[in-house]
Amino acid sequence: MTTLAFPPAAAPLVRFTHVGKQFAVDGGELEAIREFNLDIAPGEFVAIVGSSGCGKSTLLRLLVGLDGEFRGQIEVAGKPVQGIGGDRGIVFQEHRLFPWLTVEQNIGLGLVNEHLTQAERFRRVSEFIQLVGLQGFERAYPHQLSGGMAQRVAIARGLVASPQILLLDEPFGALDALTRQQMQDELLAIRRRAQITTLLVTHDVEEAIFLADRVVVMEPRPGRIKRIVDIDLPHPRTRSSFEFHQLREELLHELTHDGEYVAPPVVRVEDLPLAYIAY
Ligand SMILES: Nc1ncnc2c1ncn2[C@@H]1O[C@H](COP(=O)(O)OP(=O)(O)OP(=O)(O)O)[C@@H](O)[C@H]1O
Ligand SMILES: [Mg+2]
C-alpha cells in the first residue's frame with residue numbers, strides 16, 4: 001500500500017479563473033478588471049487592498065452574483081456562480097439597514113430567500129443576534145444604534161442564512177479607530193464560531209494584516225493583481241510587533257509604488273493663504 005507524503009490540498013471553495021470585467025461608459029468601454037485569478041481555500045480569510053477604482057467592489061458583486069456579465073469563470077464549491085444564493089452573504093460598505101425596520105426585522109431580511117417556518121426564522125434571527133452581541137436591542141431601530149452596533153446588525157444579516165462565504169466591502173470604514181479595532185476582534189471571534197470563509201475589501205493595510213491569512217494587493221486601470229502576500233503571523237496578532245510593522249511597510253510600499261502613483265505636492269507654510277495660518 002502506498003501512502004501519500006503530503007495530503008492533497010483541499011479543493012478551493014472559491015475559484016476565480018481569468019476573470020475580466022468591462023463597463024460600457026459614454027459609448028466606450030471601461031476595463032475594470034483584467035485577468036483576475038484567485039483560489040480561496042475553505043475557511044481561509046483573504047483581504048483585498050488597492051486604491052480607489054481598482055475593481056474591488058466589482059469583484060465582490062461578481063462573486064455574490066449581483067452582476068453576471070463578465071469574462072472567465074467564478075466557481076463556488078466547483079459550481080459556476082449563477083445569481084445570488086444563500087451560500088454567499090455580503091456586508092456592504094455602508095450598513096444599508098432599513099430605518100423603518102427593527103434590528104430583528106433587518107437581520108430577518110437575510111432570510112428572505114430561505115423557505116423557513118415562522119418559528120425557525122425567529123430562532124435563526126435570535127441566534128445571530130446573540131452571535132453579534134446585540135441581545136436587548138431586538139426591537140431597536142437603526143437610529144437608536146451606534147455605528148458599530150449598526151455594522152454588527154449588517155454582519156448578522158450577512159451571516160443569518162449560514163453562508164459558506166462572507167463577503168465584506170469596507171465594513172468598518174465609517175467607524176472611529178477604537179470601534180474599528182473592537183469590530184475587528186469581533187469579526188475574528190465570529191469567524192471562529194461560524195467557521196466561515198471570508199473575503200474582505202479594505203483600504204486599511206493594518207486591518208488586512210491583523211485579520212487575513214493572505215492579502216491580495218491590486219493595482220488600478222485596469223484593476224489587476226499586483227502581488228499576493230501571505231500573513232503567517234499567529235493569532236492573536238499584535239499591531240506593535242516587529243513582524244507586523246515589517247509587513248505593513250512592505251504592503252504600503254506595494255500600494256504606493258505602482259508607477260501611476262503621484263506624490264502629493266509639498267506645500268510650504270509661506271505659500272498657504274492667510275486664512276489657513278490664522279486658523
Ligand atoms: N456600474 C458601473 N458602470 C460603469 N462603471 C463602473 C460601474 N461600477 C464600477 N465602475 C467602474 O469600475 C471601476 C472599478 O470600480 P469599483 O467600484 O469596483 O472600485 P473599488 O476598487 O471598489 O473602489 P473604491 O475603493 O473607491 O470603493 C471604476 O473605474 C468605476 O468607475
Ligand atoms: Mg468599492
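In this predicted model, E206 is partly exposed, its relative accessible area being 24%. The side chain of E206 meets that of R239 in a salt bridge, with 3.8 Å from N to O. This pair links distant parts of the chain, since E206 belongs to helix α6 (residues 205–211) while R239 sits in the loop between β10 (224–230) and α7 (242–256), 33 residues apart.

How many salt bridges does a search of the whole structure find? The search finds 17. Side chains of opposite charge can pair when their charged atoms come close.

Another of these pairs joins D39 and R15, whose closest N and O atoms are 2.6 Å apart. D39 lies in strand β2 (residues 28–40) and R15 in strand β1 (residues 14–25), so this salt bridge ties together parts that are 24 residues apart in sequence. D39 has a relative accessibility of 32% and therefore counts as partly exposed. R15 is partly exposed as well, with a relative accessible area of 35%.

R139 and E104 also form a salt bridge, and here the closest N and O atoms are 2.7 Å apart. The two residues come from distant parts of the chain, 35 residues apart: R139 is in the loop between α3 (118–131) and α4 (147–159), and E104 is in helix α2 (residues 103–108). Are the two partners buried or exposed? R139 is exposed, with a relative accessible area of 60%, whereas E104 is buried, at 17%. The cut-offs behind these words are under 20% for buried and over 50% for exposed.

Salt bridges can also join into a network, as they do among E120, R123, R124 and E127.

The nonpolar residues come next. In soluble globular proteins, nonpolar side chains tend to be buried together. The largest nonpolar core in this model has 50 residues, and those touching the most other members are I107, I155, L159, I209 and V215. Which element gives the most to this core? It is α4, with seven residues. The core draws at least three residues from each of two domains, domain 1 (43–67 + 83–87 + 163–258) and domain 2 (95–162).

I107 shows what such a position looks like in detail. Apart from its neighbours within four places in sequence, I107 is in contact with V125, I129, V153, A156, R157 and V160. A second core, separate from the largest one, has 28 residues, among them V14, V19, F36 and L59.

Notes: Residues numbered from 1 in each chain as written. Chains lettered and ligands numbered in written order. Predicted model: local features only at pLDDT ≥ 70, side-chain atom pairs only at ≥ 80, totals over all residues. Heavy atoms only, no water. Salt bridge = Lys/Arg side-chain N within 4 Å of Asp/Glu carboxyl O. Helix = DSSP H or I, 4+ residues; strand = E, 2+ residues; numbered from the N terminus. Buried < 20%, exposed > 50% of the residue type's maximum accessible area, 1.4 Å probe, protein only. Core = buried A, V, L, I, M, F, W, Y, C linked by side-chain atoms within 4.5 Å. Domains from an automatic or database assignment. Contact = heavy atoms within 4.5 Å.
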